[in-house]
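I set out these notebook entries for a reader who is new to the structure. Each entry records what I looked up and what I found.

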Number of protein chains: 2
Amino acid sequence: MEEDQSPGLGLVAETPGLKHGNGVSNSSEDPGSAGDGISSLEKPLLKRSNTLTSSHLAMVGAKVSHIESLDYEIIENDLFKHDWRSRSNVEVLQYIFLKWSLAFLVGLLTGVIASLINLAIENISGLKMLHMVHLVREKRYWAGFFYFSGFNFVLTFIAAVLCVVFAPTAAGPGIPEIKAYLNGVDTPNMFGAPQLIVKIIGSICAVSSGLDLGKEGPLVHIGACLANLLSQGGSGRFRLRWRWLRYFNNDRDRRDLITCGASSGVCAAFRSPVGGVLFALEEVATWWRSALLWRTFFSTATVVVVLRGFIEVCRGGRCGLFGEGGLIIFDVSDVTVRYRLGDLLLVTLVGVIGGVLGALYNHVLHMVLRLYNLINDKGRMAKLALALAVCVFTSAGLYVLPFAVPCTPCDPAFGAACPATGRSGNFKQFNCPAGQYNDLATLLHATNVDATRNIFSTGTPGEFRLDSLLIFFAIYCVLGLFTFGIAVPSGLFLPIILMSGSMRMTVSLCVIFLELTNNLLLLPMTMFVLLIAKTVGDAFNPSIYEIILDLKGLPFLEPKPEPWMKDLTVGELAAAKPRTISLQVVEKVSTVLEVLQNTGHNGFPVVDRPRPGLSELHGLVLRSHLVAVLRKRWFLAEKRRTEEWEARERFSSVELADKNCKIDDLELTPEELEMYVDLHPFTNTTPYTVVETMSVAKAVVLFRSVALRHMLIMPKYQGPEISPLVGILTRQDLRAHNILGAFPHLAKKSKTH
Amino acid sequence: MEEDQSPGLGLVAETPGLKHGNGVSNSSEDPGSAGDGISSLEKPLLKRSNTLTSSHLAMVGAKVSHIESLDYEIIENDLFKHDWRSRSNVEVLQYIFLKWSLAFLVGLLTGVIASLINLAIENISGLKMLHMVHLVREKRYWAGFFYFSGFNFVLTFIAAVLCVVFAPTAAGPGIPEIKAYLNGVDTPNMFGAPQLIVKIIGSICAVSSGLDLGKEGPLVHIGACLANLLSQGGSGRFRLRWRWLRYFNNDRDRRDLITCGASSGVCAAFRSPVGGVLFALEEVATWWRSALLWRTFFSTATVVVVLRGFIEVCRGGRCGLFGEGGLIIFDVSDVTVRYRLGDLLLVTLVGVIGGVLGALYNHVLHMVLRLYNLINDKGRMAKLALALAVCVFTSAGLYVLPFAVPCTPCDPAFGAACPATGRSGNFKQFNCPAGQYNDLATLLHATNVDATRNIFSTGTPGEFRLDSLLIFFAIYCVLGLFTFGIAVPSGLFLPIILMSGSMRMTVSLCVIFLELTNNLLLLPMTMFVLLIAKTVGDAFNPSIYEIILDLKGLPFLEPKPEPWMKDLTVGELAAAKPRTISLQVVEKVSTVLEVLQNTGHNGFPVVDRPRPGLSELHGLVLRSHLVAVLRKRWFLAEKRRTEEWEARERFSSVELADKNCKIDDLELTPEELEMYVDLHPFTNTTPYTVVETMSVAKAVVLFRSVALRHMLIMPKYQGPEISPLVGILTRQDLRAHNILGAFPHLAKKSKTH
């Protein structure tokens with residue numbers, strides 16, 4: 001991309017004493033020109049290079065998109081500073097009130113939508129099952145099969161078409177993208193209205209169609225979408241133009257609200273308010289404040305109240321086939337648990353097995369997802385065909401397998417409950433003669449939630465034979481592997497939840513489990529199982545979400561820097577990058593335009609030489625602000641510094657917060673191109689800086705804990721002939737994978753070490 | 001303190017364009033000379049000044065002590081860098097293994113000690129009660145009174161003497177100091193062996209003596225002490241000199257372990273593993289990593305297993321009067337709760353009342369504590385007398401009051417359980433005739449835990465009359481206010497725990513409540529009550545712990561910067577301070593000695609001018625490292641830069657980690673004083689820096705989230721005549737109170753605003 005730059009674009013920072021970068025590619029933030037993006041479509045993994053270059057491309061909904069970081073930093077420029085100072089107490093109160101109201105609304109809506117989704121799923125799949133069982137009871141086995149498969153086919157078709165046509169990003173669980181968002185990565189088209197609607201309908205259809213997936217992941221995504229839409233006052237053209245909402249037109253408040261949304265989603269999925277908060281905490285640990293803890297907690301409390309309200313309403317039978325179900329509460333609260341020392345050994349064993357199985361699961365899923373990516377790249381029809389193929393396969397399996405197991409005679413102790421011919425009940429008669437039940441049908445012909453509840457229900461010991469349970473478990477794991485990557489909203493389902501070996505989230509899983517079972521006595525053992533499984537799993541491969549993040553190419557910053565990062569300085573890193581493009585504080589319009597057109601950088605250092613021998617790193621100006629200035633044509637005839645009020649008269653801080661302006665259609669006259677722009681009012685004069693000798697390890701910790709987008713590198717020595725800036729680092733530059741590409745010897749060292 | 005400085009102590013940084021500091025006092029970190037510390041003893045509050053000065057003095061255990069910050073930053077100097085690089089894989093594994101082992105040990109020991117404390121309290125106070133009730137039954141009322149008061153007097157005497165003589169810092173709950181520690185403030189003599197022992201014995205005596213205090217706070221402190229001692233391999237002379245432990249000889253790992261200890265303490269106090277983790281989280285939110293979350297969780301899981309083990313053992317009656325008690329588990333898990341919309345109003349009302357009462361409680365407690373501080377300042381005897389006076393007053397109240405209420409006839413439905421003449425049981429006969437019970441005696445003559453359990457026990461509705469409950473509640477609140485500040489280990493007890501209006505910790509309290517009651521259905525309402533109470537309370541005054549932190553003068557950094565901090569730059573702040581003392585990279589021994597002797601600063605900027613016109617901020621050197629160099633007499637005859645191996649030959653990174661070296665007894669010959677010291681190998685070349693134009697608000701966020709001790713301020717302009725350093729800021733300089741002292745107009749502005 002070096003050839004795109006015209007020479008003399010302002011000051012060029014050089015690192016004294018360090019070798020120059022070879023300038024093969026542009027590794028600053030987000031190149032706007034997509035030239036090199038297309039070829040990478042051929043590769044299943046998005047990032048492969050030998051120099052410190054970074055692809056800003058990610059597989060978002062099976063499409064390649066440009067991704068950006070969030071502007072989480074407090075921007076201290078003249079205009080924003082004036083905005084704070086002029087905020088009255090009333091406005092501050094409005095802001096606080098709105099913050100809590102939005103948190104409440106997020107909880108409320110998430111709760112309502114989750115309840116409606118549950119209701120829809122229970123009723124649709126209930127109706128389907130009832131009629132299918134009816135056909136089987138009449139021995140019309142083929143009719144039953146075609147009815148069952150056809151019904152599932154139509155549902156899957158709806159879900160997949162919606163996903164493929166309207167919102168490709170709504171496929172999958174959405175949790176990796178939320179994880180990335182909370183880490184500071186702004187995945188495009190992820191949290192909009194189409195995603196929300198497709199996710200809701202698609203999730204209902206996909207779960208009802210008997211596909212082996214959960215509604216848990218999608219619910220988390222739904223919560224996040226709701227939060228995002230609320231913070232913007234709606235979507236696109238239908239946006240509410242409420243004055244108060246302008247306070248939320250920044251990445252900082254939006255991210256806080258999306259944290260609330262994600263927690264609410266987890267809470268709605270498992271009816272686990274504390275688990276929801278902890279989930280956000282385990283994922284968001286990058287940047288956390290106590291105030292956010294309370295607000296998140298408030299949202300999840302609202303969700304729980306809404307869910308309870310729905311259950312109260314439905315208890316009277318007013319919700320069709322939706323009984324008390326749809327929300328998993330295992331019935332083990334009356335189990336009294338006593339431990340012996342020997343149990344600890346057993347628990348350790350279970351943990352180890354869980355860890356190994358989880359790691360294996362991740363490994364196989366990784367391979368399946370890579371294969372699916374290749375298929376999905378072939379186009380929309382391929383995606384659709386894949387989804388439908390999986391649906392047919394699943395339907396056939398679910399229908400045929402119960403015929404393969406023998407019937408079990410009812411234990412008289414169960415009384416009239418056995419066999420059950422209706423939709424619900426623990427003992428499905430299915431194809432069996434009177435007085436007997438089919439235990440595999442009981443497990444397979446129920447929603448996941450019901451199946452799980454059946455397995456764990458106390459009071460019915462010996463209900464399921466061991467081989468049926470093993471078949472069920474095996475089917476679910478295998479089907480789950482092949483279902484996860486298809487183009488419908490999907491979440492990994494419960495058997496995996498119990499395996500912290502796959503997800504590696506110990507604390508929140510543990511609390512969710514506690515809140516699901518409502519039995520405190522199981523807690524210590526659960527804690528140990530989960531911790532051991534996580535540790536064992538970590539020894540093999542990363543968590544499933546990290547694998548997906550990696551597959552999609554989302555630049556997630558790990559919490560812990562790699563050991564070899566201590567041996568590399570940020571100065572060396574900057575030297576491996578192409579030269580930094582800086583602007584002068586009062587810059588020619590033509591130069592600004594050229595820089596904007598020819599680079600995709602999102603932040604430009606602004607430097608100045610007030611008088612000979614004196615240099616100044618004035619700060620950092622954002623692309624969006626430069627675009628706003630050009631669009632407003634706020635130009636100066638001569639090269640001079642403006643007064644503060646001049647910019648204030650023309651620009652409001654609200655206008656500057658708009659990030660969606662483009663310059664493609666901007667046409668400037670030759671006279672205007674010869675004029676000047678004063679960048680003083682727009683420059684963030686206090687960007688975070690580090691000295692060039694700082695180790696990358698230390699810089700990564702800073703970058704992550706303060707949630708930065710750009711980090712400026714200052715020279716170690718200061719003198720008249722030395723530029724005040726060595727370089728600029730972004731999230732991409734600090735990722736281990738990208739650094740190892742440019743410094744392969746570090747990889748070797750870290751292995752032999 | 002300006003006059004202590006000899007002129008020409010190296011480079012003096014000046015801020016161009018900003019007014020100079022008036023140099024009235026020294027506001028860098030930790031002045032070593034205590035000259036001005038004594039006079040502040042007269043004032044109840046420790047910090048009162050008009051310029052940007054900061055007292056590094058805090059009331060630690062009713063004594064004034066010098067406090068320091070923790071060195072949490074990664075120090076990148078030659079020696080430490082070499083140490084990382086030379087660490088083998090085996091050593092890394094040793095380190096990880098040790099980290100988890102220590103977390104396990106902390107949990108194990110905290111669990112065992114907590115169980116033993118419970119056992120001791122239940123048995124001692126049980127024996128006391130049995131004999132007292134026996135005397136009352138024989139109508140020997142005066143004998144009963146003297147026996148009861150005398151027993152309590154002796155117990156209080158033991159606790160108070162231990163506290164006053166051996167470990168004044170063991171008085172009180174210890175939680176504010178832990179909160180401060182996790183915020184980065186190293187309170188001296190807080191986590192040592194004397195504190196641990198006094199806390200254990202004192203806590204047993206104080207709770208057994210019937211004083212109105214809880215063992216919860218002390219248990220948290222005990223966990224933290226254990227963690228600290230384990231990380232150091234023991235205390236003082238008896239320290240274990242295990243090679244592996246050298247990895248833990250740094251503030252970073254020690255702080256992590258103390259986090260585990262504090263969580264374990266909370267968990268042991270309430271048998272609430274998740275609550276313990278969240279407590280640490282709500283308090284420690286400054287700096288948090290997922291890895292720490294798991295380790296903390298591991299510790300609390302261990303505690304719970306130990307506690308359960310003890311309960312299993314004691315269930316057989318092998319623990320004397322210790323039954324299943326001592327650990328609060330309210331018996332409400334079989335309560336089915338259904339909400340109506342009207343309940344929300346009631347809940348809101350309860351929350352508001354809780355908030356108002358909590359705020360009132362904080363206000364009164366604040367006044368009582370200030371009064372007690374005045375008394376305690378009079379000396380040891382005064383402290384002892386105060387403690388004993390409170391004890392006598394409490395004993396009299398507890399003994400006499402039950403006589404004032406009428407007896408209640410037993411409901412036949414309760415059967416043989418009423419009246420109870422032994423120690424335990426819900427219906428104490430006390431002074432009543434056969435077939436009747438004294439409900440107030442039932443409440444007052446039990447340990448706090450038993451009393452609470454009695455109140456909340458289901459199955460005995462109507463056991464307590466409303467007036468008895470109100471008397472009980474009033475007595476407890478009033479006694480609690482007067483007991484809290486005396487010189488025994490004490491914690492705020494349960495009525496307050498339920499009032500998040502006082503402590504303002506919503507999430508962890510909520511989870512603790514959940515784990516205490518083992519009833520998930522109560523959770524949403526609890527969440528709302530706690531949130532409302534917190535919000536209402538916050539409108540009146542800060543939390544009780546913050547009030548205590550403030551009284552003690554501990555420099556706690558608030559998570560949220562004040563709004564007016566946006567209007568002040570760090571450059572202006574630095575200008576209000578005395579001039580910064582810098583050292584040259586190769587400095588004369590006499591200068592280094594002078595600087596160390598005449599200032600109490602703990603970090604010194606190191607600057608250099610490699611050649612004319614070129615300046616360099618080389619980094620920051622710590623006092624402890626300078627002391628180590630002087631003590632080792634690593635001097636150079638001529639002014640030259642040494643090679644890296646020269647320092648490595650003489651200094652190990654373990655030696656440098658020792659912070660307790662002093663220079664008072666160091667005697668250098670005149671020849672040595674004329675020699676030079678090369679500071680290159682010891683200087684942290686990558687301290688965190690900010691530009692002088694950064695607002696204090698932004699700087700505070702950085703300071704807190706990266707957990708800094710020193711923050712260097714760089715000049716905005718760079719040129720030959722400009723010093724590479726504007727100043728240095730520490731925790732004290734960034735505290736709102738200290739800043740407002742130096743910039744009173746900001747305070748006015750923030751009020752009128």
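**Entry 1: a salt bridge between the chains.** I began with Lys698(B), which forms a salt bridge with Glu73(A); the closest N and O atoms are 2.9 Å apart. I note at the outset that the model is a predicted one. I then asked how many salt bridges the rule finds across the interface of chain A and chain B. The result is 4 salt bridges. I also looked up polar contacts between chain A and chain B, and the count is 10 residue pairs, with both residues at pLDDT 80 or more.

**Entry 2: the side of chain A that touches chain B.** I asked which helix of chain A gives the largest share of this side. It is helix α9, residues 290-315, from which 13 residues come. I next sorted the residues of this side of chain A by character: 42 are nonpolar, 20 are polar and 19 are charged.

**Entry 3: the extent of the interface.** I recorded that 81 residues of chain A and 80 residues of chain B take part in the contact. The size of an interface is often given as the accessible area lost when the parts come together. For chain A and chain B, I noted a buried area of about 8000 Å², and carbon and sulfur atoms give 64% of it.

**Entry 4: Glu73 of chain B.** I turned to Glu73(B) and located this residue in the loop between β3 (68-69) and α1 (78-85) of chain B. Is Glu73(B) buried or exposed? Its relative accessible area is 15%, and Glu73(B) is therefore buried, the cut-off being under 20%. I found that the side chain of Glu73(B) makes a polar contact with the side chain of Lys698(A), at 2.9 Å. Setting aside neighbours within four places in sequence, I listed the residues in contact with Glu73(B); among them are Lys698(A) from the other chain and Arg252(B), Asn684(B), Tyr688(B) and His710(B) from chain B.

**Entry 5: chain A as a whole.** I looked up the secondary structure of chain A, which comes to 28 helices and 15 strands. Of the 753 residues in chain A, 62% are buried. I then considered contacts in chain A between residues at least 6 apart in sequence, and 79% of these join residues at least 24 apart.

**Entry 6: an annotated span.** I consulted the UniProt record, an unreviewed entry, whose annotation "domain: CBS" covers residues 574-638 of chain A. In the model, I found that this span is 34% helix and 35% strand. Its end C-alpha atoms lie 35 Å apart.

Note on methods:
Residues numbered from 1 in each chain as written. Chains lettered and ligands numbered in written order. Predicted model: local features only at pLDDT ≥ 70, side-chain atom pairs only at ≥ 80, totals over all residues. Heavy atoms only, no water. Helix = DSSP H or I, 4+ residues; strand = E, 2+ residues; numbered from the N terminus. Buried < 20%, exposed > 50% of the residue type's maximum accessible area, 1.4 Å probe, protein only. Polar contact = N/O pair within 3.5 Å; in protein donor to acceptor, adjacent residues only side chain to side chain. Contact = heavy atoms within 4.5 Å. UniProt positions renumbered as here; feature names shortened; annotations may be inferred. Buried area = accessible area lost by both parts, 1.4 Å probe. Salt bridge = Lys/Arg side-chain N within 4 Å of Asp/Glu carboxyl O. Nonpolar A, V, L, I, M, F, W, Y, C, P; charged D, E, K, R; others polar.
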